[in-house]
Amino acid sequence: MASKTLLLKPLTMYTSQSLKNGVIFRHLWIPALVCLYLTKPNGALSASWVVLLIQTFLNYAITARSWHSAHNDKVQADQGQLPPQYPSAIPYLGNAVSFAWNNPSFLSKATSYNGTLTASRISFLGFEIFAFQDRQTIAKIWKQSTLSSPISIYVYVLKYFFGLPDDVVSIYRADNSGPFHKSYGGSNVPAGERIDHITHRDLLQSLGGPGRLPTTRRYINALSTRLEQQGISEDWTEMADLSEFFRDIVGSSLIECVFGPTLLRLNPNFMKDLWGFDASVPWLARAVPSFLMPSVYKPRQNCVDQLKRWYEYARDHFEESSISADGDGDPFWGSKLIRRRQEHLLAVPKHDDDALARTDLGLAWGAVGNTIPCTMLSVFHIFKDPQLLLRVRTDMERLRRDDGLLEVDPDKLNKEPLLSSIYAETLRLYVKTYFMVSSPQADVHLGKWSLPRGRIGLMNAGVSHMDKTFWNSQSGQHPVGSFWADRFLTDPRDPQSGPIAPEALGSSGVTRPKSHGLEAPQGTPAPFFSMDGTEGSWFPYGGGHSICPGRVLAKSVILFTSALLASNYDIEIFSDKVEMSTWRFGLGVGELKHALPFRIRRRQT
Ligand code: HEM
């Protein structure tokens with residue numbers, strides 16, 4: 001009896017569930033076509049088309065009905081249910097066409113209901129993706145230790161973006177031990193093959209830990225030297241494109257502060273090839289084979305060859321005494337981070353110079369890919385608004401009087417309220433990265449929704465960054481799609497100020513940002529910068545343990561470059577707007593559709 005119940009229960013559950021979800025009705029075309037085939041009436045072909053058309057309509061109606069009812073049914077906040085399926089007409093194909101055709105607009109539609117961000121299951125080509133965009137769920141995702149390892153996405157990126165050979169990728173694929181010091185329970189990956197942990201430990205210590213300040217100081221020196229070398233005088237110099245200027249001057253300075261001056265001295269074309277690689281990334285991400293587009297693969301190979309040449313030279317010339325007094329920099333390897341990667345990554349099985357060069361290409365691209373366009377866009381907005389430029393210059397005058405700009409403590413600069421707000425607003429407006437998470441071992445409960453074991457969860461920063469119900473627009477004066485330098489400033493005297501819309505405050509525990517003692521020293525309640533409450537809505541760097549390890553360095557680069565240019569130069573940009581293409585949607589900052597011609601001169605002092 002018991003065994004009969006055990007057998008029948010899943011069957012009846014499946015049938016009633018299937019009826020409820022309309023699964024049975026979605027496959028009526030199969031018996032209909034079989035009947036047509038067996039009876040072969042006149043006009044069978046046209047009748048088959050009619051059957052398929054009716055079925056398409058029926059499918060759409062059924063999935064749309066369950067999509068609406070899932071959102072209209074009262075769901076308890078902590079129920080942990082599967083997100084509803086986004087309506088689609090054709091089984092197997094699912095939402096593939098809309099997803100590929102206009103990805104940004106499809107994703108926005110598929111993850112909102114009645115103007116509120118939500119979650120949905122998007123199906124295509126037999127696959128199912130769990131798209132989460134509501135801020136409560138995203139904030140929960142960042143806190144889940146089981147979703148901390150980016151290894152599943154790493155495997156794809158290393159293979160397709162950087163061309164890591166399969167035998168090396170297999171080491172990453174086999175590593176289920178997680179990024180933490182202690183392996184995940186159940187994992188028996190040997191310590192020397194814990195590539196997730198080995199990579200992250202060095203990145204976190206060098207970019208977020210003791211290595212961050214020396215690296216930032218090297219950036220400050222490299223940038224100011226490069227700008228001096230441009231020979232920009234007090235007379236205007238015209239240049240063809242602000243983006244090119246930043247890629248060259250700011251990009252080289254950032255690469256130099258991590259990889260040292262020798263890489264660029266030995267390989268004068270490295271930056272050109274690195275940006276060539278950056279332009280190829282959307283093709284590589286779509287796995288376009290090299291025999292169809294060999295030109296897409298050329299800059300990547302050039303970068304790898306140049307990195308390998310540099311390794312040989314640095315090995316021949318580096319000595320312990322080359323390390324600078326701060327214990328971090330050296331002229332050959334550039335930084336402790338690179339020395340550690342040489343030591344630790346080459347010790348991992350299957351890793352040789354070629355494999356290391358491909359992961360170092362990842363580090364170089366990770367450093368400049370988003371930082372440089374964001375720095376350029378911050379500077380664009382500052383110089384396009386004379387009032388804003390004046391405010392930044394006034395703030396920098398104060399800082400200059402206290403410390404001098406080149407000697408400024410990077411952590412002190414990073415606390416400047418107006419510059420910080422410009423930085424946060426630039427990233428909000430332009431960074432549209434996709435994030436994927438997966439839990440290989442267990443289902444994950446995310447409050448209202450859940451993510452089953454082994455399934456892929458997807459979030460897009462761009463969708464959340466444009467959430468009209470969350471971001472403060474001061475009653476529509478500063479729409480979410482426009483740049484507003486003060487969006488992230490909270491004025492204690494103005495209840496309408498701050499990053500979060502007053503109507504969104506109070507909902508689901510979101511409160512008005514607190515000053516954390518950042519008021520002006522005289523005790524006047526001056527506007528302060530705070531990101532409090534924006535955790536599930538502002539995530540250009542991702543979140544949780546796999547959050548970008550270079551984020552504080554990136555902020556220093558953006559703030560210092562903006563401060564230096566605003567203080568020492570006049571820049572006139574001959575274009576009033578920036579138009580981004582959607583070709584790179586999901587891969588970080590979009591690509592500008594046009595050049596930004598400008599002129600520059602040194603300010604008279
Ligand atoms: C505005 C600038 C930047 C943005 C928007 C950005 C964004 C990101 C994002 C979204 C990720 C993936 C996080 C995840 O997997 O969840 C990432 C990873 C990474 N970023 Fe950044 N990043 C920036 C600047 C930098 C800088 C300046 C560096 C270093 C010098 C850097 C180094 C890295 C590295 C090494 C990784 C891979 C970390 C890993 O192994 O998981 N990034 N970044």
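Where is the place of Ser-475? The last of the views below comes back to that; every one of them shows a predicted model.

**View 1. The whole chain, before zooming in.** This predicted model has 22 helices and 15 strands. The chain runs to 605 residues, and 39% of them are buried. Take the contacts between residues at least 6 apart in sequence: 69% of these join residues at least 24 apart.

**View 2. The shell around the ligand.** Here we zoom in on the ligand, with 25 residues surrounding it. Gly-366, Ala-367, Gly-542, Cys-548 and Gly-550 are the closest. Sorted by class, the shell holds 16 nonpolar and nine polar residues, and no charged ones. Four helices each chip in with at least two shell residues: α9 (195–208), α16 (353–368), α17 (371–384) and α22 (551–568). The largest share belongs to α9, which brings four residues.

**View 3. Strands β3, β4, β9 and β6, side by side.** Start with β3 (residues 119–124) and β4 (residues 127–132), which run antiparallel and are joined by six bridges. One pair to look for is Ile-122 with its bridge partner in β4, Ile-129. The two strands form a hairpin with two residues between them, and Leu-125 in this hairpin takes a positive phi near 50°. Moving on, β4 also pairs with β9 (residues 456–460), this time in the parallel sense and over three bridges. In that pairing, Ala-131 has Leu-458 of β9 as its bridge partner. β9 pairs with β6 (residues 434–437) too, in the antiparallel sense over four bridges. Look for Tyr-434 here, whose bridge partner in β9 is Asn-460. As background for reading such a view, side chains in a regular strand alternate between the two faces of the sheet.

**View 4. The largest nonpolar core.** This core takes in 120 residues. Those with the most contacts inside it are Phe-132, Leu-254, Ile-255, Leu-274, Leu-361, Ala-364 and Val-368. α22 gives the core its largest share, nine residues. Domain 2 (91–133 + 433–465) and domain 3 (149–211 + 261–368) each put in at least three residues. Apart from this core lies another one, of five residues, with Phe-470, Trp-471, Ile-500 and Ala-501 among them. As a general point, nonpolar side chains in soluble globular proteins tend to be buried together.

**View 5. Ile-255 and what it touches.** Ile-255 is one of the residues with the most contacts inside the largest nonpolar core. Which residues does Ile-255 touch, not counting those up to four places away in sequence? They are Leu-264, Met-271, Ala-364, Ala-367 and Val-368. Ala-367 should ring a bell, as it is among the closest residues to the ligand. Ala-364 and Val-368 also turn up in the list of residues with the most contacts inside the core.

**View 6. Tyr-154 in its helix.** Tyr-154 sits in helix α7 (residues 151–161). Tyr-154 counts as buried because it has 21 C-beta neighbours inside 10 Å, and the cut-off for that is 20 or more. Asp-196 is 42 residues away from Tyr-154 in sequence, yet the two C-alpha atoms are 9.4 Å apart in space.

**View 7. Asp-330, a loop residue.** Asp-330 belongs to the loop between α14 and α15 (336–345). Is Asp-330 buried or exposed? Asp-330 counts as buried, because 22 C-beta neighbours lie inside 10 Å. Leaving aside neighbours within four places in sequence, Asp-330 is in contact with Gly-260, Phe-318, Ser-322, Ile-323 and Ser-324. Phe-259 is 71 residues away along the chain, with 9.3 Å separating its C-alpha atom from that of Asp-330.

**View 8. Ala-287 and Ser-475, two loop residues with positive phi.** Most residues other than glycine have a negative phi. Ala-287 is not a glycine, but its phi is positive, about 55°. Ala-287 is found in the loop between α13 (270–285) and α14 (294–317). Ala-287 is exposed, because it has 10 other C-beta atoms within 10 Å, and the limit for exposed is 12 or fewer. And Ser-475, from the opening question? Ser-475 lies in the loop between α21 (461–465) and β10 (489–490). Phi of Ser-475 is also positive, near 50°, in a residue other than glycine. With 10 C-beta neighbours inside 10 Å, Ser-475 counts as exposed.

Conventions:
Residues numbered from 1 in each chain as written. Predicted model: local features only at pLDDT ≥ 70, side-chain atom pairs only at ≥ 80, totals over all residues. Near = placed C-beta within 6 Å. Nonpolar A, V, L, I, M, F, W, Y, C, P; charged D, E, K, R; others polar. Pairing = 2+ DSSP bridges. Core = buried A, V, L, I, M, F, W, Y, C linked by C-beta atoms within 7 Å. Domains from an automatic or database assignment. Contact = placed C-beta atoms within 7 Å.
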